[in-house]
Amino acid sequence: MKTHTIYGKENIEEGALDQFYEALDQPHTVKAALMPDAHQGYTLPIGCAIATEGYIFPSYVGYDIGCGMSAMKFDWSAWGLIHSQNLYDRIKQRIPVGFKYNDRDQQIRP
């Protein structure tokens, strides 16, 4: 059984619990936690934290907040990606964040 914690289970709506257990059943999920104020989202409950191994699920991060998440495959190690200041600066320059910037669709070109 995968490690998981549900806080305040008796107060959480059934749809949120269903989404939580479905995410927990995914093969790459390692740990999960559901907060007492959790409620149903699009693919994962709002108020849920999921730890995965080897995969990132953009739908778990962005649908409910409209943040325009996207995924891109790199041939870099995680350490190299995290520690590349040049790459970080270029991403930050090309992909503005925050509501004052994101009032229109963003086009990302290679």
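**Group meeting: starting from F20**

Let's begin with one side chain: F20 is buried, at 0% relative accessible area. Buried here means under 20% relative accessible area, exposed means over 50%, and partly exposed is whatever falls in between, using a 1.4 Å probe and the protein chains only.

Before I go on, a word about the model. It's a predicted one, where local features need pLDDT of at least 70 and side-chain atom pairs count only at pLDDT 80 or more, while totals for chains, interfaces and linings use all residues. Numbering starts from 1 along each chain as its sequence is written, and side-chain values use heavy atoms, with hydrogens and water left out.

Back to F20, which lies in helix 1. When I say helix I mean a DSSP run of H or I with at least four residues, a strand is a run of E with at least two, and the numbering goes from the N terminus. What does F20 touch, not counting residues up to four places away in sequence? The list is H4, T5, I6, A32, A33, L34, P45 and C48. A contact, by the way, is heavy atoms within 4.5 Å. If you look at H4, its C-alpha atom is separated by 9.8 Å from that of F20, and the two residues are 16 apart along the chain.

Now zoom out. The chain has four helices and three strands, and from the N terminus on they run β-α-β-β-α-α-α. There are 110 residues, of which 20% count as buried. The accessible surface comes to about 8,800 Å², and carbon and sulfur atoms account for 54% of that. Those areas come from the Shrake-Rupley method with a 1.4 Å probe, and for residues only the protein chains shown count as cover. Take the contacts between residues at least 6 apart in sequence: 33% of them join residues at least 24 apart.

Next, the core. A nonpolar core is a set of buried Ala, Val, Leu, Ile, Met, Phe, Trp, Tyr and Cys residues joined through side-chain atoms within 4.5 Å. The largest one has twelve residues, among them I6, F20, L24, A32, L34 and C48. Which elements give two or more residues to this core? Those are helix 1 (14–24) and strand 2 (29–39). Helix 1 gives the most, with five residues. A32 is worth clicking on too: leaving out residues up to four places away, A32 touches T3, H4, T5, F20, L24, A49 and I50.

On to the sheet. Three strands form an open sheet in the order 1-2-3, with mixed pairing. The edge strands are strand 1 (3–6) and strand 3 (46–52), and each pairs on one side only. Neighbouring strands are turned by 5° against each other on average, direction ignored. For that angle, axes are lines fitted to C-alpha atoms, for helices over the stretch in contact, and angles run from 0 to 180 degrees between N-to-C directions. Two strands pair if DSSP finds at least two bridges between them.

Strand 1 and strand 2 run parallel, joined by four bridges, and I6 stands opposite L34 in strand 2. Strand 2 and strand 3 run antiparallel, with six bridges, and they form a hairpin with six residues between them. T29 in strand 2 stands opposite T52 in strand 3. Is T29 buried or exposed? T29 is buried, at 4%, and the residues touching T29 from more than four places away are K2, A23, L24, I50, A51 and T52.

Last topic, aromatics. Rings of Phe, Tyr and Trp (its six-membered ring) pair if their centres lie within 6.5 Å; planes under 30 degrees apart count as stacked, over 60 as edge-to-face, the rest as tilted. The whole structure has three such pairs. Why is the pair of F20 and Y21 edge-to-face? Because their planes sit at 65°, with the ring centres 5.7 Å apart. Unlike buried F20, Y21 is partly exposed, at 30%. Elsewhere, ring pairs link Y55, F57 and Y60 into a cluster.

One residue further along helix 1 is E22, which counts as exposed at 54%. E22 and T43 are 21 residues apart in sequence, and their C-alpha atoms are 9.1 Å apart. That's it from me.
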